[in-house]
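Colleague: I would like to go through this model with you before I return to the bench. May I ask my questions in whatever order they come to me?

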Amino acid sequence: MIDKAIMSRIEQLRTMLNEHNYRYYVLDEPSIPDAEYDSLMQELKQLEAAHPEIITADSPTQRVGAAPLKEFPHVTHQVPMLSLENAFADEDIDAFQRRIQERLHSYHDITFTCEPKLDGLAVTMVYENGHLARAATRGDGTTGEDITINIRTLNDVPLRLRGDKYPALLEVRGEVYMSKAGFEKLNQHARTHHEKTFVNPRNAAAGSLRQLDSKITAQRPLSIYCYGIGLISDDWQFTSHYDMLMQLQAWGFRVSNLIERKINAKGCLEYYYQMMKKRESLPFEIDGVVYKVDDLALQQQLGFVSRAPRFAIAHKFPAQEQLTVLQDVEFQVGRTGALTPVARLQPVFVGGATVSNATLHNMDEIERKDIRIGDTVIVRRAGDVIPEVVAPVLDRRPADARLIKLPEACPVCQSEVYRSPDEAAARCMGGLYCPAQRKEAIRHFASRRAMDIEGLGERLVDQLVNLGWVHNVADVYHLELNQLAGMERMGLKSAQNILDALQKSKVTSLARFIYALGIRDVGEATAKNLADHYKSLEQLMNASEDELQTVSDIGPIVAHSIHSFFHQPHNREVISRLLAAGIHWPQVKKAESLPLQGKTYVLTGTLTQFSRDEAKAALEALGAKVAGSVSKNTTAVIAGAEAGSKLDKAQELGVAILDEAELVKLLKN
Ligand code: JCF
């Protein structure tokens, strides 16, 4: 015998959990923090574990899946699950209204309930005395599969109806779907585990719901929107479709909040275009909208033709996926050197436009999906997103289908193409020379932390390249005053300023110069390590891949990038021209002889005579390291005005603190 108090606590916990669940999953209005929900669930699980005889099928603990099935039993629907007539054009909706009015011999306005049409799987759920008794797929409309144990795992399906007023028998119908985000996450997980991915959210929802192991279904991000009633005992009556949906929600079913009542075809079309605009931003995929005569008495009068009701119609959006043939693949080189495979397709009308090119993303993606030239492929174009090849249709593969091969040389500049094992994109290694990378390479070269050529920004680089005056970074040192001064929105004075900045940039440091070359994976810190290690450009340029890996923080991948970069003849040529133009840097003294060798400083607060970067450069020129955070290995913290937590940390650790005057003294010595 179970203690009465325990039994009532169990009932209370179940009611509370069901209610929070309803607010969270059905109304999308969370009412308590997750942690609190979890602790209530924990308490219920413990009580049920201690008294297993009182576990009921509708307890909120019973959603985690059951023992796997061998196959799904078949069930015959008491009321057939119908399909809807499809409409594609606005005129079809006018005709729909006219047909209804003629059949009713009434030309009054008609109220329609308008709903989004989800792209998922139709299911039906039978409630006996308020308890979920059975759930099934639509199947062929007459018989479906009994997927009760899977449907039970959906958090937005009530296991028992809310409230205490409901019909003895209720059959509710809805569409099970997977959100776009849930689909992406599931596929991402599959990719990292080298498992097969799903082609689209619909397939993912179908595959998840038709799992014989409901524990797997329980882990899939499935949701439902309910849209109708199949069977209802005659102890309950409705007069309007819309009111019926509202009652479904009150009983605990998830009903879309995008549903609206509209008058006549005109109102329906307003709804259609309003939803079309929202389509991309919705968290789930819809393939159209559904209009239903709202008055249930009129629905009954209208009845059915063959397999579809006369009172409802699905108004479809342009399909976002179509089949076509992959005729060829070309590789485009982006501004950072990444090679993107582009599909040349037999033109196909998809998502409201004719598509003949689509992205294949990268080689990893092509190999994972096993896409070949000659394949029939699914092409997707959604909203303003670039069209993409989603997957091949394997049973339509012709015998002469060809593998897609990454070119060995850049299609733009013929430099080496390198596919790094830790990156999806393959890249052209001719960074300094490749016309596709020109603008980006020059912009980076001139940037403040690289050669710091003031005035040579993105806009000017654009103009200079477009005019054909600059093909690579070396050309900028051959620009002339009258050339620059003649450009749009450029006076004599600004032209001279640019020449001065170019002149000034010629005196630099080896580290800056290496960084400015824009070698893949070589940021400022790596450039500095390389400069410190080799001390001369020539030695760096001639280092082997093995040798490069002895430099701190350089592994095999970065070593390959550096080595390959310096072995493209075109890159070497540009470097020679840069040096010939007069770029130089002071020979670094033997490191051991520098006065601040081995010391580490941290800068904090605002200095008056230097910028942070200047102070850092001055300290580093003397052999010191400048770190970003204070530790017990810090030699001293240099504190300017309004120094913050780093100063506190220094005091805490007993690290020496210098002010700006002391820094100046340090640099002078
Ligand atoms: O969202 C849907 N896919 C959907 C399908 C919505 C509805 O209101 C439907 C449906 C299929 C049949 N109504 C019927 C009668």
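Modeller: Certainly. One term is needed at the outset: a residue is called buried when its relative accessible area is under 20%, and exposed when that area is over 50%. Please also keep in mind that this is a predicted model.

Colleague: Let me begin with helix 17, then. Which residues of helix 17 are buried?

Modeller: Helix 17 covers residues 524–534, and its buried residues are T526, A527, N529, L530, A531 and Y534.

Colleague: And what covers the buried residues of helix 17?

Modeller: The cover includes helix 16 (510–516), helix 18 (537–541), helix 19 (545–548) and helix 20 (556–566).

Colleague: What happens to the backbone just after helix 17?

Modeller: K535 follows there, with a positive phi of about 60°. As background, most residues other than glycine have a negative phi.

Colleague: Where else does a residue other than glycine have a positive phi?

Modeller: H105 and H361 are two cases: phi is near 50° in H105 and near 70° in H361. H105 sits in the loop between helix 3 (90–104) and strand 3, while H361 belongs to the loop between strand 16 (353–359) and helix 11 (363–369).

Colleague: Is H105 buried or exposed?

Modeller: H105 counts as exposed because its relative accessibility is 70%. H361, at 32%, counts as partly exposed.

Colleague: Let us change topic to the ligand. Which residues are around the ligand?

Modeller: They are L82, L84, E115, P116, K117, L118, E175, Y227, V290 and K292. By type, this shell divides into 6 nonpolar, no polar and 4 charged residues.

Colleague: Which strands each supply at least two residues of that shell?

Modeller: Strand 3 (111–118) and strand 10 (286–293) do so. Strand 3 gives the most, with 4 residues.

Colleague: Which polar atoms of the protein lie by the ligand's oxygen and nitrogen atoms?

Modeller: A polar backbone atom of L118 is 2.9 Å from an oxygen atom of the ligand. In the side chain of K292, an N or O atom is 2.7 Å from a ligand oxygen atom. For E175, a polar side-chain atom lies 3.2 Å from a nitrogen atom of the ligand.

Colleague: How much of the ligand's exposed area does the protein bury?

Modeller: The ligand taken alone exposes 360 Å², and the protein buries 87% of that.

Colleague: I am also curious about D294. Where is D294 found?

Modeller: D294 is in the loop between strand 10 and helix 10 (296–302). It counts as buried because its relative accessibility is 6%.

Colleague: What is D294 in contact with, leaving aside its neighbours within four places in sequence?

Modeller: On that basis, the contacts of D294 are T111, F112, T113, T239, S240, H241, Y242 and R261. With T113 there is a polar contact between the two side chains, at 2.7 Å. As for S240, the C-alpha atoms of S240 and D294 are 5.4 Å apart in space, although the two residues are 54 apart in sequence.

Colleague: And Q97, buried or exposed?

Modeller: Q97, a residue of helix 3, is buried, since its relative accessible area is 13%. Beyond neighbours within four places in sequence, Q97 is in contact with I110, N264 and A265.

Colleague: How is the whole protein divided into domains?

Modeller: The assignment gives domain 1 (4–62), domain 2 (86–316), domain 3 (333–400), domain 4 (429–580) and domain 5 (593–668). The centres of domain 2 and domain 4, taken over C-alpha atoms, are separated by 59 Å.

Colleague: Two last residues, D475 and M487. Where does each one lie?

Modeller: D475 lies in the loop between helix 13 (458–466) and helix 14 (481–485), and M487 in the loop between helix 14 and helix 15 (492–505). D475 is buried because its relative accessibility is 11%, and M487 is buried because its relative accessible area is 7%.

Colleague: What are their contacts, again leaving aside neighbours within four places in sequence?

Modeller: D475 is in contact with W469, V470 and R577. M487 is in contact with L460, Q463, L464, L467 and W469.

Colleague: How far is M487 from E524?

Modeller: M487 and E524 are 33 Å apart in space, C-alpha to C-alpha, and 37 residues apart in sequence.

Conventions
Residues numbered from 1 in each chain as written. Predicted model: local features only at pLDDT ≥ 70, side-chain atom pairs only at ≥ 80, totals over all residues. Heavy atoms only, no water. Near = heavy atom within 4 Å. Polar contact = N/O pair within 3.5 Å; in protein donor to acceptor, adjacent residues only side chain to side chain. Areas by Shrake-Rupley, 256 points an atom, 1.4 Å probe, with all protein chains shown as cover. Nonpolar A, V, L, I, M, F, W, Y, C, P; charged D, E, K, R; others polar. Buried < 20%, exposed > 50% of the residue type's maximum accessible area, 1.4 Å probe, protein only. Contact = heavy atoms within 4.5 Å. Domains from an automatic or database assignment.
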